[in-house]
Amino acid sequence: MTVPFSYIIRNFKSRKLTTGITVLGISMVVFVFTAVLMMSFGIKKTLKSTGSADNVKIARKSANGEISSIIEGDIVNFIKTLPQVAKDSKNQAILSAEPVVIINLDIKTGGLSNITVRGVSDSYGELRKQIKLIQGRPFTFGARELIVGEAIDRKFKGAQLGSKVKIAGDYWTVVGIFSTDGTGFDSEVWGDALQLLNAFNRGNAVSTVTFKLADISKYNELKQVFKSERRLLQFEPKIEQIYYEEQSEFMSSFIKILGTVITVIFSFGAMIGAMITMYASVANRVREIGTMRALGFLRRSILTAFMTESLIIAIAGWIFGTLLSLLLTSQKVSTLNFNSFSELEFGFSLSPDIIISSLVFAVVMGIVGGFLPAVRAARLNIVSALRAN
Amino acid sequence: MEKIIISIENVSKEYKRDSLSISVLNNITFDVQEGDFLALMGPSGSGKTTLLNLIAGIDQPTVGKIIINGNDIAKLSATSLAKWRSENVGFIFQFYNLIPVLTAFENVELPLLLTKLSKSERKKRVELALSIVGLGDRMDHYPKQLSGGQEQRVAIARAVVTDPAIIVADEPTGDLDKNSAAEVLTLLDRLNKEMKKTIIMVTHDPSAASKAHIIKHLEKGDLV
Ligand SMILES: Nc1ncnc2c1ncn2[C@@H]1O[C@H](COP(=O)(O)OP(=O)(O)OP(=O)(O)O)[C@@H](O)[C@H]1O
Ligand SMILES: [Mg+2]
């Protein structure tokens with residue numbers, strides 16, 4: 001038989017302050033841990049939602065981001081003729097051959113950061129249906145005009161409706177603000193691809209080509225074409241969604257690993273705190289433990305009681321820390337994405353996996369913090385425990 | 001025909017401190033009849049508590065046998081000894097040793113949690129035990145809401161609630177005023193007479209010892 005649960009619970013009441021501080025310590029660690037995972041997951045989710053599952057993005061194999069990829073004009077023309085490319089009602093390929101460059105803009109709160117400027121082709125609206133203009137109008141093809149993602153509008157100076165943005169020595173006018181509901185495109189600036197190529201003297205060499213698949217089931221066929229056609233050997237097709245998801249990998253893992261290392265270090269503090277609390281809890285009750293043992297309670301019942309006590313502290317900390325982290329779900333962060341070397345805004349995103357990971361983390365803290373004190377309680381010699389006062 | 005319930009045979013107890021070994025009990029031999037009320041007296045440090053602990057099965061002799069109801073309890077494993085204690089021994093301590101966060105009812109119920117009794121059977125037993133000690137109206141009180149004498153009576157209820165054959169009491173009146181002490185002694189006397197409990201009581205107080213049938217004196221670990 002085990003020690004009654006009410007005994008464990010009521011002992012908390014008699015030590016409200018120390019128990020409260022210990023719970024707080026654990027909840028802080030849980031909060032930081034959850035926040036880091038939410039951030040890492042937020043980046044992944046943002047970039048994953050950027051791409052569509054039925055679009056294909058072509059980039060140079062050796063490139064690790066869009067800006068370092070180059071696709072020459074004749075290759076673009078060849079890709080346009082592939083049968084796997086979807087056509088619109090006017091029999092035009094739904095394809096955007098995009099030069100991607102990086103410019104600097106001033107952050108409203110001070111400092112500079114990199115911004116992705118994407119030149120897009122006529123069918124960009126057909127290709128990326130998630131785009132919505134929330135202010136102004138679309139840019140005019142043939143003019144030095146831009147539309148700006150809402151995250152850029154929020155964070156940067158001189159990127160508002162009517163602003164003039166300096167690109168390659170020329171001033172471009174912001175004529176519209178667009179939203180893609182929190183995808184990575186919200187952190188980009190878009191204009192006419194040809195105007196951009198012209199401004200940068202790039203001839204007709206774009207960075208990447210994105211097109212809609214005529215038939216998703218033909219994707220494998222397309223991959224075969226890129227493996228066998230001599231002119232396409234240096235290029236690689238990827239589902240757009242997967243392309244962007246992979247772009248999140250480095251940043252997402254970086255935050256996850258760094259954050260986990262930091263929280264594990266923090267957790268030592270919380271575990272030592274829990275351990276001190278539990279040792280004190282045992283020390284205060286030596287005679288009670290001796291009495292219960294004399295009455296016939298077994299060592300393992302005592303061990304279980306103290307482990308339970310420690311686990312309850314940990315789980316209370318987990319609940320509190322998790323509730324606190326819910327406040328983050330409405331927050332957005334904008335920072336430099338190491339993969340694209342440009343600004344990316346993303347949210348904190350919670351998932352069941354994260355909640356379970358933080359629970360496991362809290363339980364581990366409870367077990368590690370409570371184990372030695374519980375063992376000490378269980379190993380007490382009855383006679384000497386009864387002599388204690 | 002009287003029956004021997006406790007038989008102490010050539011029991012010695014030594015404590016080792018560093019390389020020094022202190023002899024606390026020297027070759028003690030005596031029997032206790034079922035239903036006896038035995039008082040152990042002697043100066044401080046003479047080994048009374050140690051002897052009581054051996055009989056109660058919470059300590060082990062260095063040499064010798066402690067045979068209770070025919071079995072040598074020194075041979076039991078820790079787990080079986082714990083079970084044996086919960087069924088056969090009731091404990092009364094000088095400082096009551098109630099659990100402060102549990103009510104009088106819950107304190108008395110504690111040893112019953114080690115039995116297979118149902119909740120309602122436990123309730124019946126606890127209420128009976130508390131009414132025997134005259135605290136039927138204090139069941140929901142916490143120890144700190146009770147006087148010392150009342151606490152000790154709750155402890156007595158806890159000691160008898162499992163209906164053990166033997167009750168060990170280590171200076172049960174040592175921390176009480178005269179009136180409370182008298183109440184406690186009267187209760188012990190009733191447990192002995194009416195409920196036929198075998199009682200072993202350590203005490204310094206001659207008037208407490210006078211309630212017992214037999215008084216044994218210990219002196220530096222020897223029975224005198
Ligand atoms: N764990 C121990 N280690 C070493 N010596 C011990 C230990 N427990 C008891 N002793 C010694 O054994 C002797 C007897 O102790 P015990 O508690 O049995 O005496 P007592 O007769 O009950 O005394 P008191 O009347 O003061 O309660 C004492 O000298 C004590 O110091
Ligand atoms: Mg003593």
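So, let's start with what surrounds ligand 1: there are 14 residues around it, and the closest are Ser44(B), Gly45(B), Lys48(B), Thr49(B) and Thr50(B). Please keep in mind that we are looking at a predicted model.

Now, where does the ligand sit? If you turn the structure, you'll find ligand 1 between chains A and B. The space that ligand 1 takes up is the largest pocket. Two elements each give two or more residues to the shell around ligand 1: strand 1 (4–17) and helix 1 (48–56), both in chain B. Of these, helix 1 of chain B gives the most, with three residues.

What kinds of residues make up that shell? They split into seven polar, four charged and three nonpolar.

Let's zoom in on some individual contacts, each with an oxygen atom of ligand 1. Thr49(B), which is among the closest residues, has a polar side-chain atom 2.6 Å from an oxygen atom of the ligand. Gly45(B) takes part through its backbone: one of its N or O atoms lies 2.9 Å from a ligand oxygen. And then there is chain A, where a polar side-chain atom of Arg387(A) lies 3.0 Å from an oxygen atom of ligand 1.

How much of the ligand does the protein bury? Taken alone, ligand 1 exposes 630 Å², and the protein buries 72% of that.

So here is the picture to take with you: a ligand between chains A and B, in the space of the largest pocket, with polar contacts to it from Thr49(B), Gly45(B) and Arg387(A). Thanks for listening, everyone!

Methods:
Residues are numbered from 1 along each chain as its sequence is written. Chains are lettered from A and ligands numbered from 1 in the order in which they are written. This is a predicted model: local features need pLDDT of at least 70, side-chain atom pairs count only at pLDDT 80 or more; totals for chains, interfaces and linings use all residues. Side-chain values use heavy atoms; hydrogens and water are left out. A residue is near a molecule or strand if one of its heavy atoms lies within 4 Å of it. A polar contact is a pair of N or O atoms within 3.5 Å; within protein, one must be able to donate a hydrogen and the other to accept it, and residues adjacent in sequence count only if both atoms are side-chain atoms. Accessible areas come from the Shrake-Rupley method with a 1.4 Å probe; for residues, only the protein chains shown count as cover. On a 1 Å grid over the protein atoms alone, a cavity is a set of points where a 1.4 Å probe fits but cannot get out, and a pocket is an open set with protein on both sides within 12 Å along at least five of seven lines; lining residues have an atom within 4 Å of a point. A molecule sits in a cavity or pocket if more than half of its atoms lie within 2 Å of its grid points. Helices (H or I, at least four residues) and strands (E, at least two) are DSSP runs, numbered from the N terminus. Ala, Val, Leu, Ile, Met, Phe, Trp, Tyr, Cys and Pro count as nonpolar, Asp, Glu, Lys and Arg as charged, and the others, Gly among them, as polar.
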